[in-house]
Amino acid sequence: MPPEREALARHRFGLQAEARMAVFSYIADFYKPLRRNRALGYRSSAVHEQKTASELAIETQLRQAP
């Protein structure tokens, strides 16, 4: 069984809106950070954010150097 079905199969939803929010949370929290994106150079958003943060930190250090 795919992980998203496993995550949702454990819950009993009273309202359709609750089920939709559970699916949205799964996509936003689990799937989306791992999915590779062409606009990000075929990197996942998590990897892209890490690389961008480290590049920004290096750039800041270089600007502060005498």
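This is a short tutorial dialogue on reading features in a predicted model.

Student: Where do I start with helix α2, and what span should its residues have?

Tutor: Start with the rise per residue. At 1.5 Å a residue, the 19 residues of helix α2, residues 16-34, should span 27 Å. The C-alpha atoms at its ends are 27 Å apart, which agrees.

Student: Where does α2 bend?

Tutor: Look at Ile 27. There α2 bends by about 35 degrees.

Student: Which residues make the nonpolar surface patch?

Tutor: Val 23, Ile 27, Phe 30, Tyr 31 and Leu 34 make the patch, which covers about 460 Å². Ile 27 is thus a name you have met, as the site of the bend. Take Val 23 as an example. Val 23 lies in helix α2. Its relative accessible area is 36%, so Val 23 is partly exposed.

Student: Why do helix residues a few places apart go together?

Tutor: Here is the general idea. An α-helix has 3.6 residues a turn, so residues three or four places apart point the same way.

Student: How does that help with Glu 59 and Arg 63 in helix α3?

Tutor: Helix α3 runs over residues 45-64. Glu 59 and Arg 63 are four residues apart in it, so about one helical turn separates them.

Student: What do the side chains of Glu 59 and Arg 63 meet in?

Tutor: First the general point. Side chains of opposite charge can pair when their charged atoms come close. In this model, Glu 59 and Arg 63 meet in a salt bridge, at 2.7 Å from N to O. The count for the structure comes to one salt bridge.

Student: Are Glu 59 and Arg 63 buried or exposed?

Tutor: Use the cut-offs. Buried means under 20% relative accessible area, and exposed means over 50%. Glu 59 is at 38%, so it counts as partly exposed. Arg 63 has 65%, so Arg 63 is exposed.

Student: Is Ser 44 buried or exposed?

Tutor: Apply the rule again. Ser 44 has a relative accessible area of 10%, so Ser 44 is buried. Ser 44 sits in strand β2, residues 43-44.

Student: Which residues is Ser 44 in contact with?

Tutor: Set aside neighbours within four places in sequence. Ser 44 is then in contact with Pro 33, Leu 34, Arg 35 and Arg 36. Now turn to Arg 35, in the loop between α2 and β1. With neighbours within four places left out, Arg 35 is in contact with Arg 43, Ser 44 and Ser 45. Arg 35 has a relative accessible area of 36%, so it is partly exposed.

Student: How do I compare distance along the chain with distance in space?

Tutor: Count residues, then look at the C-alpha atoms. Arg 35 and Ala 46 are 11 residues apart along the chain, and their C-alpha atoms are separated by 9.0 Å. His 48 and Lys 32 are 16 residues apart in sequence and 12 Å apart in space, C-alpha to C-alpha. His 48 is in helix α3. His 48 touches Leu 40 and Arg 43, not counting residues up to four places away.

Student: What is special about phi of Tyr 42?

Tutor: Phi of Tyr 42 is near 60 degrees, a positive value in a residue other than glycine. Tyr 42 is in the loop between β1 and β2. At 54% relative accessibility, Tyr 42 counts as exposed.

Student: Where is Phe 13 found?

Tutor: Phe 13 is in the loop between α1 and α2. Not counting residues up to four places away, Phe 13 touches Leu 8, Glu 18, Ala 19 and Ala 22. At 32%, Phe 13 counts as partly exposed.

Conventions. Residues are numbered from 1 along each chain as its sequence is written. This is a predicted model: local features need pLDDT of at least 70, side-chain atom pairs count only at pLDDT 80 or more; totals for chains, interfaces and linings use all residues. Side-chain values use heavy atoms; hydrogens and water are left out. Helices (H or I, at least four residues) and strands (E, at least two) are DSSP runs, numbered from the N terminus. The expected span of a helix is 1.5 Å times one less than its number of residues. The bend at a residue is the angle between axes fitted to the seven residues ending there and the seven starting there. A salt bridge is a side-chain nitrogen of Lys or Arg within 4 Å of a carboxyl oxygen of Asp or Glu. Buried means under 20% relative accessible area, exposed over 50%, partly exposed in between (1.4 Å probe, protein chains only). Patches are made of residues with over 30% relative accessible area and no salt bridge: like charges are joined within 9 Å, nonpolar side chains (Val, Leu, Ile, Met, Phe, Trp, Tyr) within 5 Å. Accessible areas come from the Shrake-Rupley method with a 1.4 Å probe; for residues, only the protein chains shown count as cover. Contact means heavy atoms within 4.5 Å.
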